[in-house]
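Open the model in your viewer and keep the selection tool at hand. The stops below go one at a time.

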Amino acid sequence: MEPKDQPEHVLLDFDLLRKLVVGIGEVSDITGVPQRQIRYWEEKGIIVSSKDGEGGTRKYDYLNIKKILLVKELMDDGFTLDAAARKVEERMRSMSDVFAKLAGRTPRET
DNA sequence: GTTCTCACA
DNA sequence: TGTGAGAA
C-alpha cells in the first residue's frame, strides 16, 4: 500500500559499519580467506587489525575486511601481495576521505 | 574460539 | 607465497 519512494539503500549504515568488528573467523568466512592467510598478510604489514585487550584476539573492522577483500580480488586478477597491497592502500585513501565526510567528524589528527 | 612459533614446499 | 602441525 505505501509505495516507499524512499530509497533506503546501502549508504546509510555507516554508523553500523564503523562499529562492526568481527574476529578472524568471521572475516575468513565472509572473505573466503583462510585465517592463516589473513595473519600472514598482517605479518607482512599489508593489513592492520586491532587487538582485543584480554585475549589478544584480532578484531577486524569494516575497513580491514574491505582491505582483505580488496587484496583477495586484486590477487585474483593477477596481482601479487605487494602489488595488491599498494592498490588497496591507494583505495583506502579514498575510503578514509569518504568516511570522514559521512562521519561528519574525523577523530583523526594526522 | 583464538593465538604463537617452527618448518616445509 | 601460502600452509602444516603442535602447543598455550
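Select serine 50 and look across to strand β3: the residue standing opposite is lysine 59. This is a predicted model, so read every position below as computed.

Now widen the selection to strand β3, residues 58–61. Strands β2 and β3 run antiparallel and are joined by 2 bridges.

Next, show the whole sheet. Which order do its strands take? The order is β1-β3-β2, in an open sheet of 3 strands with antiparallel pairing. Select β1 (21–23) and β2 (50–51) to find the edges. Each of these has a single partner strand, so one side of each is left without a neighbour in the sheet.

Add helix α2 to the view. Helix α2 packs on the sheet, where it touches β1 and β3. The direction of α2 makes about 95° with that of β1.

Keep α2 (residues 24–31) and select helix α3 (residues 35–44) as well. Their axes come within 9 Å and cross at roughly 105°. Because angles of 65 to 115 degrees count as roughly perpendicular, α2 is described as roughly perpendicular to α3.

To see where the two helices meet, show side chains. On the α2 side, pick Ile24, Gly25, Val27, Ser28 and Thr31. On the α3 side, pick Gln35, Ile38 and Arg39. The residues of this contact divide into 3 nonpolar, 4 polar and 1 charged.

The last stop is DNA strand C. Select the residues around this strand: Pro34, Arg36, Gln37, Tyr40, Trp41, Met75, Thr80 and Leu81. Of the atoms of DNA strand C that come within 4 Å of the protein, sugar and phosphate account for 65%.

Which element gives the most to the surface near DNA strand C? Helix α3 does, with 4 residues. By class, that surface has 5 nonpolar, 2 polar and 1 charged residues.

Three side chains are worth selecting one by one here.

- Tyrosine 40: an N or O atom of its side chain is 3.2 Å from a base nitrogen of DNA strand C.
- Tryptophan 41: a polar side-chain atom lies 3.1 Å from a phosphate oxygen of DNA strand C.
- Threonine 80: an N or O atom of its side chain is 3.5 Å from a phosphate oxygen of DNA strand C.

To finish, show tyrosine 40 beside tryptophan 41: the partner atom in DNA strand C is a base nitrogen for tyrosine 40 and a phosphate oxygen for tryptophan 41.

Technical notes. Residues numbered from 1 in each chain as written. Chains lettered and ligands numbered in written order. Predicted model: local features only at pLDDT ≥ 70, side-chain atom pairs only at ≥ 80, totals over all residues. Heavy atoms only, no water. Axes fitted to C-alpha atoms, helices over the stretch in contact; angles between N-to-C directions. Parallel < 35°, antiparallel > 145°, perpendicular 65-115°, else oblique. Contact = heavy atoms within 4.5 Å. Nonpolar A, V, L, I, M, F, W, Y, C, P; charged D, E, K, R; others polar. Near = heavy atom within 4 Å. Polar contact = N/O pair within 3.5 Å; in protein donor to acceptor, adjacent residues only side chain to side chain. Pairing = 2+ DSSP bridges.
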